[in-house]
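Let's take a walk through this structure together, one stop at a time. Have the 3D view open as you read.

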Amino acid sequence: MLNADKSALVLAPMEGVTDAPMRAVQGGAGAFTFAVTEFLRVSHSVPPRHVFRDHVPELDTNATTLTGLPVQVQLLGGDAGLMAESAVRAHELGATAIDINFGCPAPTVNRHDGGAALLRHPKRIREIVTAVRAALPRAVPVSAKLRLGWDGIDAIHENATMAAEGGAAWLTIHGRTRVAGYAPPIHWEPIGKVREQLKLPVVANGDIWTLDDFRRCRDATGCRHFMLGRGALADPRLAHRVAAELGLPSRLESAEPEMPVDWSTQLRALVTWSRQFDMMQSDKNVSRLKQWLRLASQFGSFTRFDAVKRTGSVEELFAALDGAN
């Protein structure tokens with residue numbers, strides 16, 4: 001899925017945000033190389049088959065969105081045996097690649113032995129990656145998502161080494177600690193040091209909001225693989241600009257990235273795909289649309305959030321959005 005010799009642009013997993021409808025929208029845009037799903041929690045047992053299919057409907061279409069974007073299944077949990085069994089089930093259902101989440105900073109997840117909590121136990125990282133790797137055919141790549149550490153950035157070197165020793169084909173590293181959450185500053189330089197140390201493909205992640213941010217991240221890390229999350233949603237043109245810098249194909253013509261974002265078209269595409277996946281409860285979906293516009297207002301160039309923030313339905317939101325044009 002990730003080729004060490006070719007640049008890649010990856011859509012980040014964001015819980016409650018980059019679900020199947022959003023992955024379809026982003027696949028239709030044509031800038032990303034592949035997407036990583038929101039994490040599927042493995043706690044006391046292997047998730048049932050229907051949970052996998054509900055969480056990752058792309059399993060029924062060769063682990064690819066109906067808009068052509070390959071999808072990697074991400075698992076989160078602290079029990080190596082259950083994680084391995086869950087990876088096998090995911091593969092049996094159609095997964096073509098598995099990612100292991102050692103980066104989620106959510107307190108609830110961390111209190112239950114998942115995500116970034118494992119960063120305090122490097123040998124367990126190796127144990128989990130080893131178990132998942134051993135349980136799957138060699139043709140199915142296993143990767144790991146990490147933060148720099150729990151409360152110190154130097155922990156990344158041991159943790160990344162453990163993941164590599166376990167058999168990770170590549171690593172994705174967010175340039176903050178768990179304690180830092182999403183607060184500044186971002187530390188890209190350690191990501192580059194890990195890449196140099198391990199000679200393993202590394203996907204750089206964190207605080208790429210603009211094309212200048214991307215260039216600074218690339219210079220600091222030396223990476224050729226990058227993950228975009230909130231930045232890509234805040235400005236839908238960003239992924240195309242980064243793809244162009246990486247020499248990747250994009251469906252946006254070179255002159256178009258400077259044009260204003262057509263937010264009505266973007267949001268209507270998400271509504272269409274939500275209906276396709278039978279995820280069209282009105283209250284939830286108007287919240288999803290406002291969540292997207294709030295990101296664009298906080299971190300992008302969207303200036304009309306006041307016009308839509310009090311709307312109570314999808315129809316009201318589009319009326320307010322179109323009326324504000």
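This is a predicted model, and a good place to start is helix H14. The face of H14 turned away from its buried side carries Glu-315, Ala-319 and Gly-323, which are exposed. So what about the other residues? In this helix, which spans residues 314-323, Val-314, Leu-317, Phe-318, Ala-320 and Leu-321 are buried. Those buried residues cover an arc of only 165° around the axis, so they end up on the same side of H14. The general rule behind such patterns is simple: an α-helix has 3.6 residues a turn, so residues three or four places apart point the same way.

Now for the cores. The largest nonpolar core has 67 residues, and Leu-9, Phe-102 and Leu-171 are the ones that touch the most other members. Helix H3 (residues 80-93) supplies the largest share of this core, with six residues. Apart from it there's another core, of 26 residues, and here we meet H14 again: Val-314 and Leu-317 are among its members, along with Val-17 and Leu-295.

Back to Leu-171 for a moment. If you ignore neighbours within four places in sequence, its contacts include Ala-144, Leu-146, Ala-160, Val-194 and Pro-201.

Last stop: Thr-67. You'll find this residue in the loop between helix H2 (49-55) and strand S4 (71-76). Is Thr-67 buried or exposed? Its relative accessible area is 17%, so it counts as buried, the cut-off being under 20%. What does its side chain meet there? A polar atom of the Thr-67 side chain lies 2.8 Å from the backbone oxygen of Ala-24, and the backbone nitrogen of Gly-28 lies 3.3 Å from a polar atom of that side chain.

Definitions and conventions:
Residues are numbered from 1 along each chain as its sequence is written. This is a predicted model: local features need pLDDT of at least 70, side-chain atom pairs count only at pLDDT 80 or more; totals for chains, interfaces and linings use all residues. Side-chain values use heavy atoms; hydrogens and water are left out. Buried means under 20% relative accessible area, exposed over 50%, partly exposed in between (1.4 Å probe, protein chains only). Helices (H or I, at least four residues) and strands (E, at least two) are DSSP runs, numbered from the N terminus. The arc is that of the directions from the helix axis to the C-beta atoms. A polar contact is a pair of N or O atoms within 3.5 Å; within protein, one must be able to donate a hydrogen and the other to accept it, and residues adjacent in sequence count only if both atoms are side-chain atoms. A nonpolar core is a set of buried Ala, Val, Leu, Ile, Met, Phe, Trp, Tyr and Cys residues joined through side-chain atoms within 4.5 Å. Contact means heavy atoms within 4.5 Å.
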